[in-house]
Amino acid sequence: MSARRVLMPLLWATLSAVLLPVATPTMLPAQAAKEKKDKAEKAPKTPKTPKLDSAGDAVAKKAPNPRLFRSELPFDVTLTLNMKQIKRDKQQDAPWRTASISYTDSSGKKVSVPIRAKTRGVWRLKHCDFPPLRLKFGGKTADGTEFANLEEPKLVGYCRNTAQYEQYNLQEAQLYRVYRQLTELSHKVRILRIAYADSATGTVETTRYGFLIEDPAQMAERVGGKILDRKGATADDVDPAHTAMAYTFLYFIANTDVSFNGLHNGEIVMLANGTYAPVGYDFDFSGVINAHYAGTDPSLPIRSVRTRLFRGWCAHEAAYPAVYEIFKAKRPAIEALYADTIGKLIAPGTVKGTLSYFEEFYKDIRTPESAKKALLNDCLK
């Protein structure tokens, strides 16, 4: 089946109404006039109950390209919430908690935005001293502020209050920025310097770098598509060029902790032209970061996250040479990220090691023969 057709059979029922034109019989003018009159005479319909989000608020239309993500410069904020309470929320269905996020604007005025926060995640939720959060910017409380139109972004905050874990955050945020150099089908991020204040005592527990990740629905809207919340995608379902980009990037950073088929650390975006494109996220288990806690799936033939393993489909082999050329063309821009304002926040030794690790990838794709041996010989049939 062509990759430009709809997902079959899993997605057909969901998408047929969107992708297929509805045939209607041609009506004579008199018939059309009568139908129009009949419709006008019908009693008005009862307004539909608004769709509610996970916090119980009415779902608003996602606004693409929120203000916060129009800059990449680090941004100082204070996140205030009940620290003891949020740290106890280890369950998957934890409730939303009252919180606020504040900053000082360009005129020196303090701006405080009331929000809600809830814990999320799986591994970090169990192993981190401070859990990963999803923030809820509901209603109009954020209008006119740096946080306008943010909806429900993920916050990657500190896991443990050490310089090492802070470096992991900066390295992961940098990988999102690298991904953005290669394709618009990737999440924007914004580095935050976060002061964590306890609402119960008023004291600041710590101040660490973290980052906000663009809401998936807003990312999809920005590129003219929408998130497809269906598992089971195969090589026949997705666009070869976009899929080749996603899998090459994952190989580039040595990340095997992803499944587009199972929607684990991966999303499928349905684009306006009817094609489907995978997008990866959550890169902290990548070999280029080499976090001391990161490991590989026992089912894989590798035992270290530093060992690159290609996980793309063989069916898309023809799409890869063009993607390799994009990586080669973008190499100067990628390396420049590690010398800019954010890159300078990363330890110099880590920067040197990262660029050296990237150099190994570029050796792998130097020629068609070397690329086939390093990547496509391991492709999935």
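**Entry 1: H7 and H9**

I started with a pair of helices, and I noted that H7 and H9 are oblique to each other. The angle behind that word is about 130 degrees, and the two axes are 9 Å apart. I should say here that I am reading a predicted model. Helix H9 covers residues 348-364.

Next I looked up who meets whom. From H7 I wrote down Thr-248, Tyr-251, Phe-252 and Ile-253, and from H9 Tyr-357, Phe-358, Phe-361, Tyr-362 and Asp-364. Sorting the residues of this contact by class gave me seven nonpolar, one polar and one charged.

**Entry 2: H7 and H8**

I stayed with H7, which spans residues 240-253, and turned to helix H8, residues 320-337. Their axes come within 10 Å and cross at roughly 50 degrees. That angle makes H7 oblique to H8. I also checked the hand of the crossing, and for H7 and H8 it is right-handed.

The list of partners took up some room in my notebook. On the H7 side I found Ala-241, Thr-243, Ala-244, Met-245, Tyr-247, Thr-248, Phe-249 and Phe-252. On the H8 side they meet Tyr-320, Val-323, Tyr-324, Ile-326, Phe-327 and Ile-334. By class, the contact of H7 with H8 has twelve nonpolar residues, two polar ones and no charged ones.

**Entry 3: H5 and H7**

How do the axes of H5 and H7 cross? I looked it up: helix H5, residues 163-182, and H7 have axes that come within 11 Å and cross at roughly 140 degrees. The crossing of H5 and H7 is right-handed.

H5 brings Leu-175, Val-178, Tyr-179 and Leu-182 to this contact, while H7 brings Met-245, Ala-246, Phe-249, Phe-252 and Ile-253. I sorted the residues of H5 with H7 as before and got nine nonpolar, no polar and no charged.

A reminder to myself: two packed helices are described by the angle between their axes and the distance between the axes.

**Entry 4: the whole chain**

I stepped back to take in the chain. I counted ten helices and ten strands. The chain has 381 residues, and 49% of them count as buried. For its accessible surface I noted about 19000 Å², with 54% belonging to carbon and sulfur atoms.

I was also curious about contacts between residues at least 6 apart in sequence. Among these, 68% join residues at least 24 apart.

**Entry 5: strand E2**

I picked two residues in strand E2, beginning with Ser-102. Is Ser-102 buried or exposed? Its relative accessible area is 5%, and the cut-off for buried is under 20%, so Ser-102 is buried. Leaving out residues up to four places away in sequence, I found that Ser-102 touches Asp-76, Val-77, Thr-78, Lys-110, Val-111 and Ser-112.

My second pick was Thr-104, in strand E2, which covers residues 97-104. With the same neighbours left out, Thr-104 touches Lys-109 and Lys-110. I also looked up a distance: the C-alpha atoms of Thr-104 and Val-77 are separated by 7.9 Å, and these residues are 27 apart along the chain.

**Entry 6: Ile-194 in strand E6**

Ile-194 belongs to strand E6, residues 189-198. I found a relative accessible area of 1% for Ile-194, so this residue is buried. Not counting residues up to four places away in sequence, Ile-194 touches Val-77, Leu-79, Leu-155, Thr-206, Thr-207, Arg-208 and Gly-210. From the C-alpha atom of Ile-194 to that of Gly-210 I noted 6.7 Å, with their places 16 residues apart along the chain.

**Entry 7: three loop residues**

Ser-71 lies in the loop between helix H2 and strand E1. Its relative accessible area is 26%, so I wrote down Ser-71 as partly exposed. Ser-71 and Lys-188 are 117 residues apart along the chain, yet their C-alpha atoms are separated by 9.8 Å.

Which loop holds Asn-149? I found Asn-149 between strand E4 and strand E5. Asn-149 is not a glycine, but its phi is positive, about 65 degrees. With a relative accessible area of 41%, Asn-149 is partly exposed.

Last came Asp-282, in the loop between strand E10 and H8. Phi of Asp-282 is near 60 degrees, again a positive value in a residue other than glycine. Asp-282 is buried, and I noted its relative accessible area as 18%.

Key
Residues are numbered from 1 along each chain as its sequence is written. This is a predicted model: local features need pLDDT of at least 70, side-chain atom pairs count only at pLDDT 80 or more; totals for chains, interfaces and linings use all residues. Side-chain values use heavy atoms; hydrogens and water are left out. Helices (H or I, at least four residues) and strands (E, at least two) are DSSP runs, numbered from the N terminus. Buried means under 20% relative accessible area, exposed over 50%, partly exposed in between (1.4 Å probe, protein chains only). Contact means heavy atoms within 4.5 Å. Accessible areas come from the Shrake-Rupley method with a 1.4 Å probe; for residues, only the protein chains shown count as cover. Axes are lines fitted to C-alpha atoms, for helices over the stretch in contact, and angles run from 0 to 180 degrees between N-to-C directions. Angles under 35 degrees count as roughly parallel, over 145 as roughly antiparallel, 65 to 115 as roughly perpendicular and the rest as oblique. A crossing is left-handed if the near helix is turned anticlockwise from the far one by less than a right angle, and right-handed if clockwise. Ala, Val, Leu, Ile, Met, Phe, Trp, Tyr, Cys and Pro count as nonpolar, Asp, Glu, Lys and Arg as charged, and the others, Gly among them, as polar.
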